[in-house]
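Colleague: I should be grateful for a close look at one part of this model, the site where the ligand is held. Please describe its surroundings as one connected account.

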Amino acid sequence: MTEQLRADSVPKAPSTAGDLDAALDAGLLTVAYQPIVSLRTGQVVAAEALARLQDPRTGLLLPPDAFIPLAEATGRIARIDRMVLAQAAPLAAGWRRRLGSAPFSIGINLSVAGLTAPGLVDYIRDTCSAANLPPHALTLEITETVLSADDGEDGSVLRAIDDLGCRVVMDDFGTGYSSMSHLASFPISGIKIDRRFVWELGTRGLGGLVGLALVRLGSDLGIDVVAEGVETKEQLAALEYADCPSAQGYLFSRPLPAEQLTAFLTSHRRAVPLPRAERS
Ligand code: C2E
Ligand code: CA
Ligand code: CA
């Protein structure tokens, strides 16, 4: 009995494509939303949609590393990318209405298979239209691997997404081999500085200097910059000193269920985010 209870309190990750299909068909894919904060105004200006899978036995949520590798290996990831967009788009439209004239966009992660699956651009257009979400309020977050895949297709998918009016940002920026060249040859409107560089901000580590240089690079190129994984006030202070436009991380908020993001947006509508309020 004790053994049984213990087993039941641990969420079980799907181990086969069949398990994953069954979970997706049963509506167990949910989305967590992590606020992205403007360091200039203190307002929440965006949120990143992050996939979660509910374990039917415990109700607990599995993080992406428990099911995304399987989804990638078994050809299910494009379906997940679209399901996340379908859940997030109407919510983002609602959050924009709630915020009135304040800017707010939603970030969706796009995998290689998600980008190359036929019909992506139509799917994005139709989903935005059905949700009343203007395409400029949708940001596709792609890594360098995804860019390289589109390169193989002459960059046509990303250009079509750009033509639709959506924004495309480079995720985990600075970790790849040719991030710079990609910036020049694709319609990239922003970068997300990988948290390994942010982690060292405020220390004397080389990674921190690279992080600051990446903020500067984004500013020189006139594109948006989001620092990822901000956890400490020291990191925030270094980013503010470098005039980084925006940031995301546990210091502001962990990824939240949709209804908690609604509450977070309401409580931070006029007030500056917690770390600033605490400092004053
Ligand atoms: P990512 O796109 O780089 O997402 C940011 C990750 O950093 C998230 O992990 C987030 O919870 C975590 N994070 C945010 N702030 C902090 C912080 O201050 N400290 C630390 N240590 N971590 C922080 P998560 O939700 O586990 O997602 C992991 C990865 O899974 C994502 O990395 C993304 O590559 C992938 N992923 C998530 N959802 C999707 C999806 O819908 N489609 C695809 N293709 N990939 C997804
Ligand atoms: Ca991302
Ligand atoms: Ca990232």
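**The ligand site**

Modeller: In this predicted model, three elements, β2 (44–54), α4 (77–99) and β6 (167–173), each supply at least two residues of the shell around ligand 1. Of the elements, β2 gives the most to this shell, with four residues. In total, 22 residues surround ligand 1, and the closest are Arg52, Asp81, Arg195, Glu231 and Tyr250. By character, the shell divides into nine nonpolar, five polar and eight charged residues. The space that ligand 1 takes is the largest pocket.

Several polar contacts may be named individually. The side chain of Arg52 places an N or O atom 2.9 Å from an oxygen atom of ligand 1. From Tyr250, a polar backbone atom lies 2.8 Å from an oxygen atom of the ligand. Asp171 has a polar side-chain atom 3.0 Å from an oxygen atom of ligand 1. On its own, ligand 1 has 800 Å² of accessible area, of which the protein covers 81%.

Asp171 also leads to the metal ions. Together with Asp172 (OD) and two OE contacts from Glu228, Asp171 (OD) coordinates the calcium ion (ligand 3), at 2.2 to 2.5 Å. The donor residues of this ion follow the sequence spacing D-D-x55-E. Asp171 bridges the calcium ion (ligand 3) and the calcium ion (ligand 2), and these two ions lie 4.1 Å apart. Distant parts of the chain are linked here: Asp171 belongs to strand β6, whereas Glu228 is in the loop between β8 (224–227) and α12 (233–241), 57 residues apart.

Key
Residues are numbered from 1 along each chain as its sequence is written. Chains are lettered from A and ligands numbered from 1 in the order in which they are written. This is a predicted model: local features need pLDDT of at least 70, side-chain atom pairs count only at pLDDT 80 or more; totals for chains, interfaces and linings use all residues. Side-chain values use heavy atoms; hydrogens and water are left out. A residue is near a molecule or strand if one of its heavy atoms lies within 4 Å of it. A polar contact is a pair of N or O atoms within 3.5 Å; within protein, one must be able to donate a hydrogen and the other to accept it, and residues adjacent in sequence count only if both atoms are side-chain atoms. Accessible areas come from the Shrake-Rupley method with a 1.4 Å probe; for residues, only the protein chains shown count as cover. On a 1 Å grid over the protein atoms alone, a cavity is a set of points where a 1.4 Å probe fits but cannot get out, and a pocket is an open set with protein on both sides within 12 Å along at least five of seven lines; lining residues have an atom within 4 Å of a point. A molecule sits in a cavity or pocket if more than half of its atoms lie within 2 Å of its grid points. Ala, Val, Leu, Ile, Met, Phe, Trp, Tyr, Cys and Pro count as nonpolar, Asp, Glu, Lys and Arg as charged, and the others, Gly among them, as polar. Donors are N, O and S atoms within 2.8 Å of the metal (3.2 Å for Na, K and Ca); water is not among the atoms, so sites may look incomplete.
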